[in-house]
Amino acid sequence: MRRFALIAIPYLWLVLLFLAPFLIVLKISLSDAALAIPPYAPTLKDGIGTLIAELDFENFVFLTQDDLYWKAYLSSLRIALISTLLTLLVGYPIAYGMAKAPDEWRATLMMVVILPFWTSFLIRVYAWMGILSNEGLLNQLLIWLGLIGEPLTILNTNTAVYIGIVYTYLPFMILPIYAALDRLDASLDEAAQDLGCTRTQAFWLVTIPLSKNGIVAGCFLVFIPALGEFVIPSLLGGSGTLMIGKVLWEEFFNNRDWPVASAVAIILLLILVIPIVLFQRNQQKQQEAEQ
Amino acid sequence: MPRVSQTVFAPWDDPTEKPLIRFQNVTKRFGTFVAIDDLTLDIYEREFFALLGPSGCGKTTMMRMLAGFETISEGKIELAGQDIGHVPPNERAVNMMFQSYALFPHLSVWDNIAFGLKRDRKSKAEIDARVDEMLKLVRLEKFARRKPHQISGGQRQRVALARSLAKAPKLLLLDEPLGALDKKLRQDTQFELMDIQETTGTTFVIVTHDQEEAMTVASRVAVMDEGRIMQVATPAAIYEHPNSVYVADFIGDVNIISGQTNASGTDTYRLSWAEGQQPVTATSDITFSEGQKAHLAIRPEKIRISTDQPVDADNKVQGKVLDIAYLGNLSTYHVELPGGQVIKAQTANTRRIARRDITWEDPVWISWNATAGVMLAE
Ligand SMILES: Nc1ncnc2c1ncn2[C@@H]1O[C@H](COP(=O)(O)OP(=O)(O)O)[C@@H](O)[C@H]1O
Ligand SMILES: [Mg+2]
């Protein structure tokens with residue numbers, strides 16, 4: 001009985017905080033928009049029979065007719081993919097440096113990596129607006145150094161979105177890669193050199209393959225939230241930045257079309273299920289390999 | 001297979017022979033800590049050379065300097081007449097079998113062995129042939145496709161050996177290769193190692209802290225202590241003629257009798273070792289001055305034990321049996337002398353234990369000849 005109760009707790013959590021909201025959103029996505037509170041029909045007040053009879057896939061059909069939506073999905077995928085790659089390129093060397101650092105430095109370095117989490121995410125994104133704007137710190141610095149004459153337009157472009165995503169999600173990339181590299185026996189690298197590898201070859205043939213699980217985990221941890229990212233594209237991106245998170249927000253709050261917004265959210269969730277399942281499989285494989 | 005050969009293998013006694021490895025006044029410091037202290041040593045081709053010493057005496061450091069993973073603070077190391085101080089590890093004709101084996105966990109047994117060969121840009125056929133040859137040498141043909149975590153510790157050890165031998169190095173370094181194996185497997189593997197060393201003709205330098213292992217496999221043994229080499233000699237010479245109390249004590253069991261010397265005839269000394277006791281007589285190759293402090297080292301098996309007073313022994317002392325260690329094939333008697341010193345005497349158990357005629361608290365005589373021990377100055 002006690003065991004049953006213990007197992008029930010996470011399931012209860014899942015039902016309350018994931019399944020129930022999901023079912024509500026799914027129901028709304030199958031409803032019609034209405035000038036009412038809440039702004040859709042039918043509702044439970046109409047009785048179960050009418051409710052079920054009036055649900056339909058109209059909103060999903062609508063999503064396929066307006067090319068804004070699939071373009072936004074594709075653009076989000078592209079931005080999420082590119083930012084994941086950029087985060088990997090920035091994060092791997094940092095994780096590698098941390099793993100190679102003397103023991104007494106590691107705790108400090110780890111601290112430095114997670115330190116940004118101690119301030120609000122929103123404040124940090126606003127800080128980037130201050131850095132990247134035309135009169136911002138970055139442009140002032142570059143002009144002062146004489147590298148450029150005119151300020152660069154970075155804020156409100158996709159570049160600013162990439163910078164924002166890489167900055168925000170960097171720790172999620174660094175930590176799993178660092179964990180993988182930290183577990184690596186230093187003598188493997190020496191064995192590779194002993195058998196004729198240069199340092200570079202040893203890195204590609206031994207270090208990279210053996211930190212693969214960390215790389216994969218880090219990429220998923222960045223890609224999954226980046227795909228639905230809303231705050232960064234709306235604050236740092238411009239009118240040309242098309243991301244599904246932004247579209248979703250506009251449907252909800254500007255158009256007050258909750259049913260279409262819900263349909264957008266359901267599709268986003270379905271797209272995310274694939275990388276999430278792949279991520280889970282990677283984690284499971286890693287755990288099995290360690291046993 | 002025991003080492004049977006017409007001429008004795010002893011290149012170290014031949015002044016015309018060029019050593020394969022030459023340590024010349026090599027010092028290695030980690031910060032201010034001196035790990036290797038002004039060490040000079042020659043190792044010859046086809047030798048099976050053992051570095052023996054307590055943990056932390058610098059054995060691994062010496063290996064790592066040979067492999068190229070540690071820089072040399074002072075002095076130089078030559079390999080086949082060439083200074084290798086600035087040659088990176090991947091360009092040395094030296095391979096190392098790591099203490100932890102360091103097998104690549106993401107590669108199969110076959111790919112682990114092929115790893116070094118692939119770096120040499122050999123043809124596929126050549127690589128295939130060599131890997132198969134190595135698998136056969138270590139008898140692992142059936143496990144070629146397995147990953148390292150799918151085989152046993154002993155098999156992993158053999159994969160590591162095959163991998164380090166695959167490139168046919170001039171010199172193979174083995175850092176405590178058998179440390180992780182249980183005793184029975186260790187002994188089998190020691191003979192296998194000797195076999196492989198003989199068939200491949202590779203020079204082996206092996207690190208061990210197990211003196212029995214060093215004595216079994218090596219052509220010569222270097223006994224180390226705190227970054228210095230105390231003695232380099234063949235196993236038999238190091239056992240029979242240790243040059244210091246440290247070496248005598250490190251290799252096997254030994255009794256040390258300390259005292260003052262008095263010459264008595266050529267190369268023969270009398271050692272006064274305790275008040276009111278007859279001095280003992282011993283021969284020595286090194287000369288001692290009158291009244292100099294000296295130590296007589298005698299192996300337990302060179303000391304006879306009897307209940308009756310022996311008639312024809314050079315030295316004899318009466319004592320009392322304190323303890324008997326029964327080792328199956330041998331028994332070691334701990335005999336307390338009147339001055340309190342305990343001497344160990346070992347005899348083969350040729351009789352059944354029930355009929356053993358010496359037991360605890362028995363008064364006994366121990367005796368040995370003048371040539372039985374070695375006299376040491378330090
Ligand atoms: N990288 C290093 N930095 C500092 N000290 C070291 C380093 N490597 C080895 N030492 C020290 O050098 C001494 C010899 O070590 P090592 O060669 O590993 O000994 P052994 O293999 O004989 O047990 C030890 O006291 C060890 O602490
Ligand atoms: Mg060691």
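These are my notebook entries on the surroundings of ligand 1 and on one pair of helices, taken from a model that is predicted.

**Entry 1: the shell around ligand 1**

I began by listing the neighbours of ligand 1, and I found F30(B), F33(B), A35(B), S55(B), G56(B), C57(B), G58(B), K59(B), T60(B) and T61(B). When I sorted these residues of the shell by kind, they divided into 4 nonpolar, 5 polar and 1 charged. I then looked up the elements that they belong to, and noted that β2 (33–43) and α1 (59–67) of chain B each supply at least two residues of the shell, while the largest share, 3 residues, comes from α1(B).

**Entry 2: polar contacts of ligand 1**

Next I turned to the oxygen atoms of ligand 1, and saw that one lies 2.6 Å from a polar backbone atom of G56(B) and that one lies 3.2 Å from a polar backbone atom of C57(B). For T61(B) I recorded a polar side-chain atom, at 2.5 Å from an oxygen atom of the ligand. I also looked up how much of ligand 1 is covered: taken alone it exposes 560 Å², and the protein buries 59% of that.

**Entry 3: two helices of chain A**

How do α4(A) and α8(A) pack, and at what angle? I noted that helix α4 (residues 67–100) and helix α8 (residues 158–183) of chain A pack at about 45°, with their axes 6 Å apart. Because of that angle, I wrote down α4(A) as oblique to α8(A). Their crossing is right-handed, and the residues of the contact between them divide into 22 nonpolar, 5 polar and 2 charged.

Key. Residues numbered from 1 in each chain as written. Chains lettered and ligands numbered in written order. Predicted model: local features only at pLDDT ≥ 70, side-chain atom pairs only at ≥ 80, totals over all residues. Heavy atoms only, no water. Near = heavy atom within 4 Å. Polar contact = N/O pair within 3.5 Å; in protein donor to acceptor, adjacent residues only side chain to side chain. Areas by Shrake-Rupley, 256 points an atom, 1.4 Å probe, with all protein chains shown as cover. Helix = DSSP H or I, 4+ residues; strand = E, 2+ residues; numbered from the N terminus. Nonpolar A, V, L, I, M, F, W, Y, C, P; charged D, E, K, R; others polar. Axes fitted to C-alpha atoms, helices over the stretch in contact; angles between N-to-C directions. Parallel < 35°, antiparallel > 145°, perpendicular 65-115°, else oblique. Left-handed = near helix turned anticlockwise from the far one by under 90°.
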